[in-house]
Amino acid sequence: MSSNHRRAGGRSAVRSRRAILALSASLTILAAAGGRAAAQDATVSELVVTATPIRDSIEKSLEIQRASDNIVNVIASDTIGRFPDATAAGALARLPGVGVQRDQGQERYIQIRGAPTRWTTVALDGVNVLGAEDRIFRFDSVPAVQIDQVELNKTLLPSMPAEALAGRVNILTYSPLSETGLHGSFDAGGGFVDNGDGPVKQYSGRLGWSDGTWGLTVAGSHYEFEQHTNNAEPRFDDIGVTQMRIAKYIITRQTESYSGKIEYAPSDDLRLTLSHLNTEFNDFEERNQYTFYYANAFSGTRSFDTAELVGVPVVASFEDGIYSNGVSFTDLNGQHRFGGWDVDWHLAYTTTEFNTNTPTTAQQTATGSGRPNATTALLLPSMTLDVNAEPGGYVQATLFDTVLSGGAVTRGPQRTNLNQLSFTNEFASEFSSMIETEAYTAKFDVARDWTSFGLDSKFSAGFQYDDRSQHSETTALVRPDGTVVSSSAFNIRTIAQQLGLPWTPFAFVTDNAWLDPFDLGFTANYIHNPAMSDQMLAIMDAARAANANGANYPVYANDPRAGNTVDEKVLAGYAQNRWAWDRQSLIAGLRVERTEVETDGVAVVGSKLTPISFSSEETFVFPSLHYNFDYSDTLKLRAAFISGAARPSLADMRASVSVNDTSQTVSGGNPTLKPETAYGLDLSAEWYFAPAALLAVNAYHREVKDVLFDASQVITDDSYDFDGADRTGYVLDSTQNGGDGHLSGVEFVYYHPWEFLPGAFSGLGFQGSISFTKGEFETPDGSTVEFPGTSDRIVGATLFYEKYGLSSRLTYQYRTDWLDEVFPSGSAANSNLYWDETTRLDFSARYQVNDFVSIFMDANNLTDEKGIRYQGSEDRPYEVESFGRKFLFGVRANF
């Protein structure tokens, strides 16, 4: 039973006990380390391999980075195969120039060098894969137990697919041949989230075996937590506050993953690998939501400071939903050496899914969100508002009953809780959807050493073929004749009565008051969402059965207007040569990619559905140069000229549209979209001044063409001239290619274990970076805006301590405001949407009990940072989200 159905009594005592538990666990680990500090140095030396995972990971990562031919940042496992972070997302968050986007407080997406998320691609073991959410990959879906290292390529070699403008993340999975004999890694932990006191559970394990020729490994993980997330979302117009949406989420989040790998390497000239990785993410979400429409109150005044309102419309929405996505990846890889040629090939198959199942019940009075009449106003609250139009602000309200006095509708007695029994109608609505993608990849590369222009050289060439197909559907209320209707067509009270079924919405109001870190000025009780949803779906099923006998009820079904399929085929080939002389090297190469896109969907004109399809093809050439100069044994200089492309999402290229011949508009997908293309320059200086130490500066500039942007464009061809209509001159509202843009920045990096300090202080170390970025592009209407996701400054700093068996890390992350969504000039929103600056502080500690066993703790979001969005300026808050702190304690074992 979810936490909203448990008694609220004793919550504060539970929080206090858990806070004491967290502190006690921390002190226990630190005290154990203090005791170890008194031991002899010889004892300490026996633990050096297993007790410095942070330093070992940094040293290994910098060795890989230093030897690379391109500009790359790496996070690698330590000397005994332990990855230093819980997921790939957590690892990437600590790399220079990486901004993190979180969902419910958990790292999920990344933005490299201030670029939009769509400019980053992901590869598993060198094979590019699409993310479950179209092209965007969830980095929290790959757990540490399956990772050997993560490479962030900021400049792409010709041998890499050119479908990224910001960077390519290559996640390399664990190889069983890296160790001989039987070996394994296991961990188990538990904890809590202080918002709602929900549990945290983590289990993972990897077991491998190798005799040096054959290698086999299997791995699995399960991570789960429950938390309460609180949202307050005010809106404003030119007069003042217009509405506020309050949402209470009770979320159980699960990430499950399993993988396996078989390797065969009878000699240095042959290695065959078959690997499989499957990850699945689920959000089980209960939502209690109330939206107050201040601007439509029966009477009163409002401003940006206060409001005095009588009869404020309230619309409630209750959901018991599931959000799920997953990736399944299978790869057969061969590495051979024939007569001086190195051959590497992959045959890969990937499927992804991104599904939502969100049947929703809406409650309202007869006038809904509109202005009430004198009768319905008496069912609604009156309010005095403190608007708090300031950064991170939200509306605080004093509630009153609404009464009829002397023939006038006016404010009555004050009340402390929202009246949740005053609604007169309930409606069924649906926002479920399904996106499934299937991809086949064939990749073949050859390389050999030779002499060119009298210099030691290495020639490489290859090709790659990707065949991708995406199908999507959405769910709506559909009558038996295929007519799609709005939620008002399924009045639950009315249909339940007609079918003779029970509908008891007020019975689902529980006795449990909201647990709310926000002072809203009033309270409300949780709704038993699963019970309400079950009763509503039983009525829906009965309506569907009645339709089989000739009734005409709207029921949940696939929306016939929305289904579409997009097929994308990419054929690529490249050639490159690497010259090396003295302390210098140069790679010059060219990559050619030809893309074919076919998309099928429907055009909706009134009630008529017309099948439509589009196809396109284009070829791009991407040259690049990569120069490296080892100025000394410790100083490396790099320069690179690169080019690349970011293809539109498959959903944006869908054929399905809605046509309005009255307003002469077409809205929906845009199959004619072109990729965003860019070329640019990177310069880097890297000083490896000590083991596991680095002082570096990287500068970069990108010139971008055809930036994607939601806008309107006049149709100039006959693409939509079906049914004998000439629609040339209509306006297409969709994603468009805008004008040109540019993105520039500089990164400063400092990694250093402070082993020069005396005694116990020699275990201290630092890992940090600061990045400065500027970027903007021209929209189709000629205005200039910054790129979504671009923070002017990103700071990451980690202070770590490793000695006497203790490995601990305090991580600070900061990024300035960044653009979230661009609204076209003249739109109803009128102002662009921004995320406010964020500051995040996390702590982790691990104590090595012996050569095989360690205990650990992780504490996330120590400062209880909130997610804040604003529209136009900081004093127009758009969303304030609180998700709390998270604590995890556990044990790990390696052998």
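A charge sits over a ring if NZ of Lys or CZ of Arg is within 6 Å of the ring centre and within 35 degrees of the ring normal. Lys 886 meets this description: its charged end lies over the ring of Phe 225, 3.7 Å from the centre. Arg 235 does likewise with Tyr 878, its charged end being 3.5 Å from the centre of that ring.

This is a predicted model, so confidence comes next. The protein chain has an average pLDDT of 89, and 93% of the residues reach at least 70. Residues 37–50 are a weak stretch, with pLDDT below 50. That stretch still has 16 contacts in the model beyond near neighbours in sequence. Residues 825–829 also stay under 50. For them the model has three contacts beyond four places in sequence.

Now the interior. The largest nonpolar core holds 54 residues. Leu 92, Trp 119, Phe 137, Phe 139, Val 169 and Ile 171 have the most contacts inside it. Helix α4, residues 88–92, contributes the most to this core, with four residues. Apart from this core lies another, of 51 residues. Tyr 290, Phe 518, Ala 524 and Ile 527 are among its members.

Trp 119 deserves a look of its own. Neighbours within four places in sequence aside, Trp 119 contacts Ala 164, Leu 165, Ala 166 and Gly 167, among others. Its other partners include Ala 646, Glu 676, Val 704, Leu 743 and Phe 787.

Aromatic rings come next. The whole structure contains 28 aromatic pairs. One of them joins Phe 689 and Tyr 750: the ring centres are 6.5 Å apart and the planes meet at 10°, so the pair is stacked. Planes under 30 degrees apart count as stacked. Phe 689 sits in the loop between β34 (676–687) and β35 (694–705), while Tyr 750 belongs to strand β38 (residues 741–753). The pair therefore ties together parts 61 residues apart in sequence. Phe 689 is partly exposed, at 25% relative accessibility. Tyr 750 is partly exposed too, at 27%. Both rings belong to one aromatic cluster with Trp 687, Trp 754 and Phe 766.

Which residues of helix α5 (residues 492–499) are buried? They are Ile 492, Ile 495 and Ala 496. Seen down the helix axis, these residues fall within an arc of 100°, so they line one face of α5. An α-helix has 3.6 residues a turn, so residues three or four places apart point the same way. The face turned away from the buried side carries exposed Gln 497 and Gln 498. The cover over the buried residues of α5 includes β17 (359–364), β21 (425–430) and α6 (529–547).

Val 714 lies in strand β36 (residues 708–714). Val 714 is partly exposed, with a relative accessible area of 48%. Val 731 is 17 residues away in sequence, yet the two C-alpha atoms are 4.5 Å apart. Val 714 also touches Gly 729 and Tyr 730, residues up to four places away in sequence not being counted.

Two backbone details close the tour. Most residues other than glycine have a negative phi. Asp 125 has a positive phi, near 50°. Asp 125 lies in the loop between β4 (120–124) and β5 (127–129), and is buried at 18% relative accessible area. Asp 197 also has a positive phi, of about 55°. Its place is the loop between β8 (181–193) and β9 (198–210). Asp 197 is buried, with a relative accessible area of 5%.

Technical notes: Residues are numbered from 1 along each chain as its sequence is written. This is a predicted model: local features need pLDDT of at least 70, side-chain atom pairs count only at pLDDT 80 or more; totals for chains, interfaces and linings use all residues. Side-chain values use heavy atoms; hydrogens and water are left out. A nonpolar core is a set of buried Ala, Val, Leu, Ile, Met, Phe, Trp, Tyr and Cys residues joined through side-chain atoms within 4.5 Å. Buried means under 20% relative accessible area, exposed over 50%, partly exposed in between (1.4 Å probe, protein chains only). Helices (H or I, at least four residues) and strands (E, at least two) are DSSP runs, numbered from the N terminus. Contact means heavy atoms within 4.5 Å. Rings of Phe, Tyr and Trp (its six-membered ring) pair if their centres lie within 6.5 Å; planes under 30 degrees apart count as stacked, over 60 as edge-to-face and the rest as tilted. pLDDT is the predictor's confidence in each residue, from 0 to 100. The arc is that of the directions from the helix axis to the C-beta atoms.
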